[in-house]
Amino acid sequence: MKKITIYLSIVIACTILFQLTVCPAQTDSILDKIGVTRGICVVPSDTKCELALKLARQSELLIYVQLPKDKDVEAARKAADAAGFYGTRIFVEKGDLTRLNLADNIADAVVAVSDATGISRTEVLRVLRPEGKALIGRKVLTKPFSEGIDDWSHPYHGPDNNPQSNDQIILAPYLTQFLAEPRYAPMPQVAVASAGRAFKAFGHLAFKKREEPFLNKLVAFNGYNGTLLWERDLNEGVMIHRNTMIATPTTLYLGDDKSCKLIDTATGRLKGEIIPPVNLAGGTFWKWMALEDGVLYALMGEQEQRDPTKRWERDKHGWPWNPISKGFNQPEHPWGFGRNVLAIDQKTKEVLWSYREDVPVDSRAMCMKNGRIYIFRFGSYLTCLNARTGKPFWRKTPDNAPKLFDSLGTYLNRQDWRTNWRTTAYLKCSDKAVYFSGPQIGKLLAVSAEDGSILWENAYSNFQLVLRDDGLYGISGQIDKHPSKKFDPLTGRVLAEINKSRRACTRPTGSADAIFFRAQGGSVRLDITSKRPQWISPMRPPCHDGVTIANGLLYFWPSVCDCQLTLYGITCLGPAGNFNFSPRATEAQRLEKHAGDLSKVARLSESSADWPTFRADNTGSVTTEATVPDRSKLLWRFTPDTTIPAAAPHPTAPVAVGGLVFVSGPDGIVRALDAATGKQRWQAYTGGAVRIPPTIWEGRALVGSGDGWVYTFEAQTGRLLWRFRAAPAERKIPVYGSLMSTWPAASGVIVENGIAYVAAGIVNYDGTYVYALDAATGEIKWQNNTSGHLDRQARTGVSVQGHQLLHDGKLYLASGTSLSPAVYDITDGKCLNDPSPLANCASQSPRGWELSLVGDQVAACGKPFYAHPKYDVFDDTAFNKVFLTSSGGRDIVWVCHQNNKRIMCFTDLDKNVLSKSMDQPGNRFNVDWRRLGIKDKPLWSTDCNKSVAVAVCKNAVVIANETEIVALRLKDGGILWSQPVPSSPVPWGLAVDRDGRIIVTLKDGKVMCFGKIDQVAAL
């Protein structure tokens, strides 16, 4: 029997491996069979990258190739690079094919090639998203949905307006599923989701230009990897912030001023329209919609006030409440009133019944559940309709229920960040009760669903409600200093007081184990079991919406705001399950040595006047002993050799050592250029985007990659010496249109006394991993695997959101909004930050990616690390910077406040006074030197409003502006020379080599070098 079982197992295994093959010649029909042209396609074991290249040319897919052998990885990367796709459309990784290095439910398709042995059906299904397809031999395998997944079919989850999901998959803890564009979007917004897709309606208000591309757009996203599937224009002027959008697996229902559109969820095509007879509908304008048991219910009526599209083009922080738009700020609420309630057969489109009120119904106070529809108008009626017949079960008016209407009071025309938007629904229902609460009403009132009688009330006027099986949660407003409460839904008895309130207007929403709402910075996750508020610090929901909970995932949507956040855009979280967030790294598991004797490294001439690391040295001082010429010319220009002009824009800053210049970029390719001629000496591949340039140490180039690995190359030749996986696991996810490790080694690498320091991660809840490695061998000296979860319950702590800095025996890391900078003892890696403030769920830390040493204080400033490179981000404190360095007896201070920047030169500056002034919010990072705590006038100063980088040399200060490079005499600030550049340099994209050559890296991907007139140039 045992032999038979073994034999059958072998037969089954062989059958599966045979099926997991497809001949490359069949690629013409592959796209038809997998059914997608956008998204993520896995092509394992495509050793020559032939299939990947063909798919890339024929579609918009991101292609992931995984190969077990180093030589095949190198060959495939070269092939993809030669075609201009490497690191932008095609991603090649090393890995045993028993497990694909991707997150669960992430790929739209898997296409195996003929030698893809070792891949199991289970593994294919793991990485495929539900309804994703695997091409297996001649068969197509489709992944089914898991049980327990819920839709978010209506704007408030369901027609009851209760924002509580029934999804049983998305349980804490979480891991990032994807980060996606747009990073900013107009308001208002409405979100629904069904069957693995998410739909977002973006409104008519753009406060800055960055939001304008999505004005009046309806957009569909792949719910598992963030791919934009399709978009449609919305009718301009129609207020979208109401219940007029419903998602089903196949049809998206969208009501506007003319009809209810029936839109195909997969393609965005219009399948049909529903236009009821005007004599039954009272008009063609859809004010409210609900779908239950195959019947579409609607409130309809006459045309209403249009709200014109607003493009405010602001260039200041935030946005004003007054004015927003004519409709939002006029005294009377102009939207959503109608007299006619209809029931429409979903299939035939026939009107089943209609009901009319003489006084228009307020659609913000409409909801339904299990065959009962509730309609309301202040001072007129509260009616419960039978959804089958359209006849009232009961009807309350001021005449027959005076106590009810006295308790309801008069309509409150409230709208601001404390109370929420006027367009917000203020009626929710269960099978047993109807709940009034919102900016329009001055209390929380519960009414019987059976007969409309008052059940109970609470005098507090600013609760937002989530009804769960264990109670009714009222989340209070922070400004009121009032506790949030858990009530018995039918008696109003307080079951618990919760010591946390929402920060502002975004609505609370509930998952199976938590309630989410906005914090002072980021989001609060109220844990249902412990009633303890936990902090998701990196992101928050948008102003008109909440966290959407559907498809087994959490969605945090883009906003218009510059609020104190780490991440912007669409952030999606999935369940982490039993993932080990604090594994102990071992060299046997993580370290790969690619050279026999790691001590034998080609020598590179190194000098104290070199620029060996990001911003010159381990304190980021951007100072050098080099002397720049009194006159200059363009010596050379380097453009990466690619067939796609914009394949890899926005390179890293440069470094320069021993006659070589080193750069990398989002394609993950490290390049060494000859500093004298600009000719490329070598290039080497990593598996992900590189944010911080290589560090050059004793003939080695050490670089952290977006694939989660640290690479060490021989600096003279590009030969790989060793690589170390800083990520705790191989798990690639989509990050703003690229594929990247959940834990990229994005901090870069700095080396001191033979020890290399690196941090891996993006955001704290995923975990943050910090290492000290032997720079020569990659061997582990110490590791810290817990600082991402300094608050263990909330999984909040340090994020990897910028570069590193060494000072006074401590390692500093720019780390986002929860706390920044993070501080580690370099002897043992212990995190020295106090975790206790994390329990407050409030952010005061500057979230910028740049670290500066001012006096004895290290401060973070600048943009968020993953901010969109095209968009400026404005803030009154956190984005502003003060940078201090010294050279030749001069102290150089570079300060900026929003768009106002200035370089100042002092003699004998009191650095400690400057350091202390940074702690005073009123003075922080102001360009006025008198408010920086400086007593003496600057020796000289100059405005440099468009500056992005500075280098302080022995004789000059070099400033990289958006349009030119300018050298100023150190002694008096006079201009030595200036040279134009065709595009803006990247932030800190400036280096000076030992011979005084000025190297700049530009956002368009070019590298330019300026030097003295008599230097040999190769243009």
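## Salt bridges and packing: worked exercises

Asp70 and Lys94 form a salt bridge, with their closest N and O atoms 3.2 Å apart. Keep in mind that this is a predicted model.

**Exercise 1.** Work out where Asp70 and Lys94 sit in the chain, and whether they are buried or exposed.

*Solution.* Start with the elements: Asp70 belongs to helix 4 and Lys94 to strand 3, so far as sequence goes 24 residues apart, and the pair links distant parts of the chain. Next, accessibility. Asp70 has 38% relative accessibility, so it counts as partly exposed. Lys94, at 22%, counts as partly exposed too.

**Exercise 2.** Find which residues are linked with Asp70 and Lys94 in a network of salt bridges.

*Solution.* The network also takes in Glu592 and Arg723. Those two form a salt bridge of their own, the closest N and O atoms being 2.9 Å apart. Arg723 is in strand 49 and Glu592 in strand 40, so this pair ties together parts 131 residues apart in sequence. As for Arg723, its relative accessibility is 7%, so it counts as buried.

**Exercise 3.** Explain why Arg731 has no salt bridge, given the distance to the nearest side chain of opposite charge.

*Solution.* First, place the residue: Arg731 is in the loop between strand 49 (720-725) and strand 50 (732-735). Second, check the partner: the nearest side chain of opposite charge is Asp766, 5.6 Å away. Third, apply the cut-off: a salt bridge needs a side-chain nitrogen within 4 Å of a carboxyl oxygen, so the Asp766 pair doesn't make it. Arg731 is buried all the same. Beyond its sequence neighbours up to four places away, Arg731 touches residues including Asn101, Leu175, Gln177, Met740 and Trp743.

**Exercise 4.** Describe the sheet that contains strand 12, working from strand order to a single bridge.

*Solution.* Four strands make an open sheet in the order 12-13-14-15, with antiparallel pairing. Its edges are strand 12 (245-247) and strand 15 (270-274), each pairing on one side only. On average, neighbouring strands are turned by 15° against each other, direction ignored. Zooming in, three bridges join strand 12 to strand 13 (residues 251-255). In one of them, Met245 has Leu254 in strand 13 as its bridge partner.

**Exercise 5.** Decide whether the radius of gyration of the protein agrees with that of a compact globule.

*Solution.* For 1019 residues, a compact globule would have a radius near 31 Å. The protein comes out at 30 Å, which agrees. Then look at burial: buried residues make up 65% of the 1019.

Methods:
Residues numbered from 1 in each chain as written. Predicted model: local features only at pLDDT ≥ 70, side-chain atom pairs only at ≥ 80, totals over all residues. Heavy atoms only, no water. Pairing = 2+ DSSP bridges. Helix = DSSP H or I, 4+ residues; strand = E, 2+ residues; numbered from the N terminus. Axes fitted to C-alpha atoms, helices over the stretch in contact; angles between N-to-C directions. Buried < 20%, exposed > 50% of the residue type's maximum accessible area, 1.4 Å probe, protein only. Lys, Arg positive; Asp, Glu negative; His and termini not counted. Contact = heavy atoms within 4.5 Å. Rg over C-alpha atoms; globule rule 2.2 N^0.38 Å.
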